[in-house]
Amino acid sequence: MICVSDLTKTYHRMVAVDNISFEILPGQIVGYLGPNGAGKSTTVKMLTGILKPTRGEVIVAGCDSRTDGIELKRRIGYVPEAAILYETLTPVEYLRLVGQLYHISENSLAEKIDEFVELFDLTQVAHQQISSLSKGMKQKVIIISAILHNPDVLFLDEPFSNLDVSTVTLMKKILQDLAGVGKTVFYCTHILDVAETICQRILILNQGKVVADGSIDELREMTGRISLEEIFAQTTEADEAGAKSVEVLRIMTENRDD
């Protein structure tokens, strides 16, 4: 469902994504992990056709990101890390706009919106301006807009930001059920415990390169570590956290007036 070959993105002299390749099958939930600045969001933007690669090839749901941009966007859903909504619209108005862009029939669209609004507990605010909503409610609107048109592939960049516990629980179940019917989920996150719970496969990116790729059990065998947090620390060279913590405490408590 996703095929990436020799994908590279450079900004002037900085290499953000460095010659990565991988394939993802239908029905997989893949966690895409890495420290800040590793190139995760840049990768997602290339996979969704928002950014053009400097070099390499991206095929998503049979669409080449370089030549089939419109069809690619029709077949994917995308929850970006920092989405921008039309805040003068209501949730219902915004979702209707999104549905019309995807050419969903009016009758079907109205029913879908009503059902999604109820399932995500947005009924009371459905006709209020989005500007008046909490961050969590806005995030729910963004998530609904990404799945409204029944995409084949769902790209999620920190999708659980600002969501309450019950909605996170609902979303985890939704993602597992989507994978069960053959949808592909590309899940970019810093929340390692959620990734460990729902992802059948983990890709870890560090300094623009894929440094680990496999199931949790395969990564445990490869690294000799048990938890995903420990695996992440080892593969991204973040094991020095303990030493850094000691230094932070030293700087905080050190008296430099002498």
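**Close-up views of a predicted model**

**Figure 1. Asn206 and the pairing of strands β9 and β10.** Asn206 has Lys209 of β10 standing opposite. Strand β9, residues 201–206, runs antiparallel to β10, and five bridges join the two. Helix α8, formed by residues 216–223, packs on the sheet and touches both β9 and β10. The direction of α8 makes about 115 degrees with that of β10. The model shown here and in the other views is predicted.

**Figure 2. The open sheet of six strands.** The strands follow the order β6-β7-β8-β3-β9-β10, and their pairing is mixed. The edges are occupied by β6 (76–79) and β10 (209–214); each has a single partner strand, so one side of each is left without a neighbour in the sheet. From one strand to the next, the twist averages 15 degrees. Helix α5, residues 135–147, lies across β6 and β7 (153–157) and runs at about 165 degrees to β6.

**Figure 3. Surroundings of Gln139 in helix α5.** Gln139 is placed in helix α5. Its relative accessibility is 7%, so Gln139 counts as buried, the cut-off for that class being under 20%. The side chain of Gln139 reaches the backbone oxygen of Pro159 at 2.8 Å. Leaving aside residues up to four places away in sequence, Gln139 touches Val79, Glu158, Pro159, Ser161 and Leu163.

**Figure 4. The open sheet of four strands.** Pairing in this sheet is antiparallel, with the strand order β2-β1-β4-β5. Strands β2 (14–24) and β5 (63–64) stand at the edges; each has a single partner strand, so one side of each lacks a neighbour in the sheet. Strand β4, residues 55–60, is joined to β5 by two bridges, and these strands run antiparallel. The bridge partner of Val60 in β5 is Cys63. Helix α1, residues 40–47, lies across β1 (2–11), β2 and β4, and runs at about 120 degrees to β1.

**Figure 5. Aromatic pairs and an aromatic cluster.** Seven aromatic pairs are present in the structure. The ring centres of Tyr86 and Tyr94 are 6.3 Å apart and the ring planes are at 50 degrees, so this pair is tilted. Tyr86 counts as exposed, with a relative accessibility of 53%, whereas Tyr94, at 11%, counts as buried. Phe160 and Tyr187 form an aromatic pair that is also tilted, with 5.7 Å from centre to centre and 45 degrees between the planes. This pair links distant parts of the chain: Phe160 lies in the loop between β7 and α6 (165–180), and Tyr187, 27 residues apart from Phe160, lies in strand β8 (residues 184–188). Phe160 counts as buried at 5% relative accessibility, as does Tyr187 at 0%. One aromatic cluster is formed by Phe22, Tyr32, Phe155 and Phe186.

**Figure 6. Confidence along the chain.** The mean pLDDT of the chain is 91, and 95% of its residues reach 70 or more. Among the elements of the chain, helix α3 (residues 91–101) has the highest mean pLDDT, 97, and helix α10 (residues 241–253) the lowest, 70. Predicted coordinates should not be read in detail where pLDDT is low.

Definitions and conventions. Residues numbered from 1 in each chain as written. Predicted model: local features only at pLDDT ≥ 70, side-chain atom pairs only at ≥ 80, totals over all residues. Heavy atoms only, no water. Pairing = 2+ DSSP bridges. Axes fitted to C-alpha atoms, helices over the stretch in contact; angles between N-to-C directions. Contact = heavy atoms within 4.5 Å. pLDDT = per-residue confidence, 0-100. Phe/Tyr/Trp six-rings, centres within 6.5 Å; stacked < 30°, edge-to-face > 60°. Buried < 20%, exposed > 50% of the residue type's maximum accessible area, 1.4 Å probe, protein only. Polar contact = N/O pair within 3.5 Å; in protein donor to acceptor, adjacent residues only side chain to side chain.
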